[in-house]
Amino acid sequence: MNDDGTRAGFVGLAGRPNVGKSTLVNAIVGAKVTIISDRPQTTRRASRGVATDLAGRWQLVLVDLPGVQRPRDVLTERMQRRVEHELDGADAVLFLVNAEQGLGPGDLFIARHLLDAGSATPVICAVNKIDRVGPGDLTTVLAAVGELAIVDEVYPVSAKRGTGVEALVTRLTELIPEGPLLYPPEDRTDQPSEIHLAELIREQVLRRTREELPHAVEVAVEEIERRDDGLIEVRAQIWAETGSQKSILIGKGGRMVREIGTAARKELERELEARVFLSLDVRVREQWRRDEGLLDRLGID
């Protein structure tokens, strides 16, 4: 029995790749807990963002899932299994649809998946990116989403601008069960530091390589060491699958890897609130997306 009236629970986010799940999680949590990119399939792990309001006596644990997709290799098979596992354990499901793209085959695939699961878990739909469409187009999308059998309620939002997010959060807190906090109130994510920092570096790789190799790159932080003078040394490896991809990452005269390192270091310094020395080593790891042991090490389970 919960005597202090607090509510705490898990909300699983489902949606097509690049629908804005990571942006919405960061907006609700109020901190950068998951990386953002305009490239599809950026999120590989089920990272949890923790939003706590002690005054309101609630804690939402937002599970930013990889975009629901049909598996193509060991990596995407693991991603899809993680989606199914996390959705099964959620107290509520937040299904995101892109207002700009409208309701498409990918959304219908997800809706069927949720419906076939036969769960009694409530499904709230957030139609995101409403700042990019006119009133007429938005009305059409909202009406189409409202007709989906799996959707209980629909909320128009702009995760980027914050529009509609407060009302959505209020409803989600009403759906989670009464119970004690699941994480300390100061926590914002459950990711180990090495993985979180590696993701911040990978974000900068994605921003600069874009079309060339968005899915073939992974980052692993090998060492984090705080020196006596307060400087934090972070040593990381960037993996590509081929020599040509490695050449792109390094760039002419090392220009690309220097740009990645400079931008990533600034992100790490904001995260760690300290000066950072970042060492990046670009290596070839052939077919790493099919390596079970390596995926275990990377925390993609």
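## Helix α1 and its surroundings

A residue is called buried when its relative accessible area is under 20%. By that criterion helix α1 is mostly covered in this predicted model, since seven of its nine residues are buried. The buried residues of α1 are K21, S22, L24, V25, N26, I28 and V29. Directly after the helix, G30 adopts a positive phi of about 85°.

## The two nonpolar cores

One residue of α1, L24, also belongs to the largest nonpolar core, which has 25 residues. L24 is listed there with V11, L60, L62, L94 and L168 as the residues with the most contacts inside the core. At least two core residues come from each of β1 (7–15), α1 (21–29), β3 (58–64), β4 (92–98), β5 (123–128) and α5 (165–175). Leaving aside residues up to four places away in sequence, L168 touches L24, L94, I124, A126, Y155 and V157.

A second core, separate from this one, has 24 residues. Among its members are L197, A198, A236 and I238.

## The loop after β4

L103 is located in the loop that lies between β4 and α3 (105–117). The residue is partly exposed, its relative accessible area being 28%. When residues up to four places away in sequence are not counted, its contacts are V97, L108, A144, V145 and L148. L103 and V141 are separated by 38 residues in sequence, yet their C-alpha atoms are 6.6 Å apart in space.

## The three-stranded sheet

Strands β7, β8 and β9 form an open sheet in the order β7-β8-β9, with mixed pairing. Because β7 (218–226) and β9 (276–284) stand at the edges with a single partner strand each, one side of each is left without a neighbour in the sheet. From one strand to the next, the twist averages 15°.

The pairing of β7 with β8 is antiparallel and extends over eight bridges; within it, I224 stands opposite V234 of β8. These two strands form a hairpin with five residues between them, and G230 in the turn has a positive phi of about 95°. On the other side of the pairing scheme, β8 (residues 232–240) and β9 are parallel over nine bridges. A236 stands opposite L280 in β9, and the bridge partner of A240 in β9 is V284. Strand β8 is mostly covered, with eight of its nine residues buried.

## Helices packed around the sheet

Helix α6 (residues 193–209) packs on the sheet and touches β7, β8 and β9. The direction of α6 makes about 125° with that of β7. Helix α7 lies across β8 and β9, and runs at about 155° to β9.

How do α7 and α8 pack, and at what angle? Helix α7 (residues 243–250) and helix α8 (residues 255–272) meet at about 60°, and their axes are 4 Å apart. That angle makes α7 oblique to α8. On the α7 side the contact involves I248, L249 and I250, and on the α8 side R255, M256, V257 and I260. Of the residues in this contact, six are nonpolar, none is polar and one is charged.

Conventions. Residues numbered from 1 in each chain as written. Predicted model: local features only at pLDDT ≥ 70, side-chain atom pairs only at ≥ 80, totals over all residues. Heavy atoms only, no water. Core = buried A, V, L, I, M, F, W, Y, C linked by side-chain atoms within 4.5 Å. Buried < 20%, exposed > 50% of the residue type's maximum accessible area, 1.4 Å probe, protein only. Contact = heavy atoms within 4.5 Å. Axes fitted to C-alpha atoms, helices over the stretch in contact; angles between N-to-C directions. Parallel < 35°, antiparallel > 145°, perpendicular 65-115°, else oblique. Nonpolar A, V, L, I, M, F, W, Y, C, P; charged D, E, K, R; others polar. Pairing = 2+ DSSP bridges.
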